[in-house]
Amino acid sequence: MHIEALAANSELEGLVDLCQLPSDDLYNPALQFFGIKRAGKLIAVIGLESYESVALLRSLAVLPDYRGLGLARSLVNFMEAQAAQQGVQELYLLTTTASNFFRALAYQLTERSKAPDCIQQTAQLIGLCPASALLLRKQLPIRTG
């Protein structure tokens, strides 16, 4: 499986929309996207919105026909490694449907008020995600050398 960097485009937007995730700010220059393609078609994607030592994990989406194959877990593992290489020490994410998936990957439920200001000021927390979305956090290992 090959994970590649992606630019925000209509195909990415369509996948995110199909998976019923917010897509209004996908063209934010602070966002990086990576995805998996099969036969030239985007089938899974993940995003990262970085703010120095903290970041928001974004837009994890897998086409329904490709779920259950471990693609989401592979994308999260890849993005955690990418984030750590960029000096990110804490990852945050919002979810309404995947809290059990992320908890199995060592993400912990946290109160929105305890998130750093830069995370609280993201479009996701300000209003793109519903107030019912859970905020989860994971401490990343500190990379040395």
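I will walk you through the sheet in this structure, its strand pairings and the two helices that pack on it. Please keep in mind throughout that this is a predicted model.

Let me begin with the sheet itself, which is open and is built from seven strands in the order 1-2-3-4-5-7-6, with mixed pairing. At its edges lie strand 1, residues 3-6, and strand 6, residues 108-110, each of which pairs on one side only. On average, and ignoring direction, neighbouring strands here are turned by 35° against each other.

Turning to the helices, helix 1, residues 10-18, packs on this sheet and touches strands 1, 2, 3 and 4, with its direction at about 90° to that of strand 3. Helix 2, residues 71-85, also packs on the sheet, and its contacts take in strands 1, 2, 3, 4, 5 and 7, while its direction makes about 30° with that of strand 3.

Strand 3, then, deserves a moment, and it is mostly covered, with eight of its eleven residues buried. Towards strand 2 it runs antiparallel, joined by eight bridges, and there I36 stands opposite A44 of strand 3. The hairpin linking these two strands has two residues between them, and A39 in it takes a positive phi near 50°.

Towards strand 4, strand 3 is again antiparallel, here with seven bridges, and V45 stands opposite A61 of strand 4. This hairpin, too, has two residues between its strands, and within it E52 takes a positive phi near 60°.

Finally, strand 5, residues 90-95, and strand 7, residues 134-139, pair in the antiparallel sense over six bridges, and T95 has L134 in strand 7 as its bridge partner.

Methods:
Residues are numbered from 1 along each chain as its sequence is written. This is a predicted model: local features need pLDDT of at least 70, side-chain atom pairs count only at pLDDT 80 or more; totals for chains, interfaces and linings use all residues. Side-chain values use heavy atoms; hydrogens and water are left out. Two strands pair if DSSP finds at least two bridges between them. Helices (H or I, at least four residues) and strands (E, at least two) are DSSP runs, numbered from the N terminus. Axes are lines fitted to C-alpha atoms, for helices over the stretch in contact, and angles run from 0 to 180 degrees between N-to-C directions. Contact means heavy atoms within 4.5 Å. Buried means under 20% relative accessible area, exposed over 50%, partly exposed in between (1.4 Å probe, protein chains only).
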